[in-house]
Amino acid sequence: MHEDANGEPTPRGVDQDDREFLSLERELTVLFRRARANQGEMAREVHPDLESAAYGLLVRLEECGRQRATELAAYIGVGKATMSRQLRALEQLGLIAREPDPADGRAWLVDLTEEGRSRVGRVREARRERYVTHFSDWDRREVAELARLLHQLNRGMEK
């Protein structure tokens with residue numbers, strides 16, 4: 001075994017270019033695993049009965065306001081049936097409300113309720129404070145650069 005630039009083992013016979021991508025894959029795997037665990041924690045902070053997958057949906061509604069269920073499904077990357085099930089659960093918890101779309105009587109618009117907005121806002125503020133603490137030894141430009149690179153990564157993965 002060889003080591004990559006981070007001191008992590010890399011299988012023999014892998015050329016230098018591939019080592020970089022193997023290192024990227026390893027770090028993304030760790031990041032995604034931690035993100036899933038954090039998402040579950042944040043979901044429970046919003047509501048003890050909230051599925052972790054629904055947390056991202058609530059954040060999207062907080063950031064963008066009311067949207068059609070089809071827009072939310074496309075953004076999250078799930079099918080119509082999955083989105084309908086998640087929205088029903090969120091509605092039963094009192095976190096979202098649906099109303100007919102005035103532009104299209106067949107469609108529904110989904111938005112956070114005041115309770116949903118309050119709960120999501122509290123959790124996001126607590127999370128922001130944790131990030132400030134965790135990254136206190138980083139320069140703010142480094143944090144901005146990390147956010148920019150992650151945004152670039154996410155955009156690239158949409159293709």
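Here are some friendly notes on the pockets, surface, sheet and salt bridges of this structure, which is a predicted model.

1. **The largest pocket.** A good place to start is the largest pocket, with a volume of about 2,600 Å³. Its lining is made up of 43 residues. If you want to find the middle of the pocket on your screen, look for L31, A35, Y131, L150 and N154, which lie nearest its centre.

2. **Who builds that lining?** Which helices each supply at least two residues of the lining of the largest pocket? They are α1 (16-46), α2 (52-64), α3 (69-76), α5 (114-134) and α6 (140-158). The largest share comes from α6, which gives 13 residues to this lining.

3. **Its chemical make-up.** Sorted by class, the lining of the largest pocket holds 22 nonpolar residues, along with 12 charged and 9 polar ones. Charged and polar side chains therefore deserve a look alongside the nonpolar ones when you colour this lining, given that Asp, Glu, Lys and Arg count as charged here.

4. **The second largest pocket.** This one has a volume of about 190 Å³. Among the residues that line the second largest pocket are R68, A69, T70, K80, M83 and S84. The lining also includes L87, R98, R106, A107, W108 and V110. Helix α3, α4 (80-92) and β5 (104-112) each supply at least two of the lining residues. By class, the lining of the second largest pocket has 6 nonpolar, 4 charged and 2 polar residues.

5. **A nonpolar patch on the surface.** L31, F32, W138, V143, L146, L150 and M157 form a nonpolar patch on the surface. Together these residues have about 570 Å² of accessible area. Both α1 and α6 supply at least two residues of the patch, and α6 gives the most, with 4 residues. M157, one of the patch residues, is found in helix α6.

6. **Where patch and pocket meet.** Two names are worth marking on your copy: L31 and L150 belong to the nonpolar patch, and both are listed among the residues nearest the centre of the largest pocket. Helix α6 also turns up in both places, with 13 residues in the pocket lining and 4 residues in the patch.

7. **The sheet.** Now to the strands: 3 of them form an open sheet in the order β3-β5-β4, with antiparallel pairing. β3 and β4 stand at the edges with a single partner strand each, so one side of each has no neighbour in the sheet.

8. **How the strands pair.** Strand β3 (residues 67-68) pairs with β5 over 2 bridges in the antiparallel sense. In this pairing, Q67 has V110 of β5 as its bridge partner, and R68 stands opposite L109 in β5. Strand β4 (residues 96-101) is joined to β5 by 6 bridges, and these two strands also run antiparallel. A hairpin links β4 to β5 through 2 residues. L109 is a handy landmark in β5, being the bridge partner of E99 as well as standing opposite R68.

9. **Salt bridges.** How many salt bridges are there in the model? The count comes to 16. One to look at is the contact between the side chains of E62 and R124, at 2.6 Å from N to O. E62 lies in helix α2 and R124 in helix α5, so this pair ties together parts that are 62 residues apart in sequence.

Note on methods. Residues numbered from 1 in each chain as written. Predicted model: local features only at pLDDT ≥ 70, side-chain atom pairs only at ≥ 80, totals over all residues. Heavy atoms only, no water. 1 Å grid on protein atoms, 1.4 Å probe; cavity = no way out; pocket = protein on both sides within 12 Å on 5 of 7 lines; lining within 4 Å. Points joined across faces, edges and corners; volume = space filled by probe spheres on them. Patch = residues over 30% accessible without salt bridge, like charges linked within 9 Å, V, L, I, M, F, W, Y side chains within 5 Å. Areas by Shrake-Rupley, 256 points an atom, 1.4 Å probe, with all protein chains shown as cover. Salt bridge = Lys/Arg side-chain N within 4 Å of Asp/Glu carboxyl O. Pairing = 2+ DSSP bridges.
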